[in-house]
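I opened my notebook to look up a few things in this structure. Here is what I wrote down as I went.

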Amino acid sequence: MSVSNTASLSGTETGRVVPDTIRYNREVPGLGDPVFDVSGLSVYYGDNKAVRDVDLKVGPRQITAMIGPSGCGKSTVLRTLNRMNDLIPGARVEGEVTYHGEDLYGPEVDPIEVRRRIGMVFQKPNPFPKSIYDNVAFGPRIMGVRNGLDEIVEESLTKAALWDEVKDKLKASAFALSGGQQQRLCIARAIAVNPEVILMDEPCSALDPIATLKIEDLMYELASEYTIVIVTHNMQQAARVSDRTAFFTAGVDDGGDRYGSLVEFDETATIFSKPSDQRTEDYISGRFG
Ligand SMILES: Nc1ncnc2c1ncn2[C@@H]1O[C@H](COP(=O)(O)OP(=O)(O)OP(=O)(O)O)[C@@H](O)[C@H]1O
């Protein structure tokens with residue numbers, strides 16, 4: 001894929017993000033056989049039913065963005081896609097999440113294998129206190145790979161658009177890299193174990209605008225090979241990079257409990273130009289959130 005359109009990055013004077021802010025001009029791939037099919041998903045933290053009744057499909061080799069105001073459940077839903085919620089005491093899911101048609105929460109499913117196939121990149125770059133090389137080689141080594149590590153490291157760093165910047169200092173500490181480089185290293189680390197899906201939870205929120213655009217370019221390139229789901233606070237970012245967008249909001253139930261839910265899920269251009277729900281319209285117009 002190539003980057004073919006670098007139109008305006010900002011919204012219009014109404015504050016609304018419109019389709020001409022979409023930088024990457026490509027046809028939206030179909031949902032095909034969805035990679036994930038989420039239906040009737042609710043997530044509890046203890047007794048608190050924090051996210052309710054989410055239905056969502058994630059198509060292969062495309063970028064799905066999750067947007068919405070703070071606390072609407074974006075990260076919670078993202079974590080259900082690779083069972084990271086299992087690691088949070090008191091968290092449990094209700095409803096169904098299938099991965100290629102298989103129940104992701106089925107008794108026979110190995111969560112470790114799930115997290116290998118469905119990798120995650122976090123808000124704050126979190127390289128290990130090791131060399132650049134050892135960060136990337138870490139996952140393959142744990143999987144028992146002994147031969148061909150050099151090739152895996154080079155290929156992963158190349159795919160993460162970092163190889164040229166680090167090829168002469170692979171033994172240097174990962175902490176010697178800039179924030180943006182560290183985040184690309186974390187993406188290389190995720191790629192090194194050969195995943196199908198990369199989940200990204202606010203991957204640019206700790207980065208400056210230049211480093212952010214680099215990661216966005218990278219996401220776009222990676223989407224030809226990987227399925228990407230990104231949580232972002234940044235509407236322009238969702239409009240720029242994603243094929244489909246899920247808009248979540250937070251509400252209060254009759255008992256006064258706050259909860260998150262999915263309002264609308266559609267192609268990104270539709271969400272940002274003619275959303276079908278007034279709450280989406282209000283959010284993308286900057287009227288709340
Ligand atoms: N580990 C946790 N323990 C208890 N409650 C949690 C936990 N993580 C999230 N929650 C609650 O679940 C709800 C959704 O939170 P979540 O972090 O998923 O929302 P978000 O949309 O990603 O928010 P933000 O944009 O601020 O990161 C919130 O009410 C939050 O307090």
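I started with the shell around the ligand, where α1 gives the most, with three residues. I took helices (H or I, at least four residues) and strands (E, at least two) as DSSP runs, numbered from the N terminus. I then noted that 14 residues surround the ligand, and that the closest are Y45, A50, S70, S75 and T76. Two elements, α1 (74-80) and β10 (258-267), give two or more residues to this shell. For "near" I used a C-beta atom, placed from the backbone, within 6 Å of the ligand.

I should say that this is a predicted model: local features need pLDDT of at least 70, side-chain atom pairs count only at pLDDT 80 or more, and totals for chains, interfaces and linings use all residues. My residue numbers run from 1 along each chain as its sequence is written.

Next I checked confidence, using pLDDT (the predictor's confidence in each residue, from 0 to 100). The protein chain has a mean pLDDT of 90, and 91% of its residues reach 70 or more. Residues 1-14 have a pLDDT below 50, yet this stretch has 27 contacts in the model beyond near neighbours in sequence. Contact here means C-beta atoms, placed from the backbone, within 7 Å. For the complex, I copied down an ipTM of 0.97 and a pTM of 0.91 from the predictor.

Which residues does L199 touch, leaving aside its neighbours within four places in sequence? I found L78, L81, N82, I118, G119, M120 and V229 in contact with L199.

Definitions and conventions: Two residues are in contact if their C-beta atoms, placed from the backbone, lie within 7 Å.
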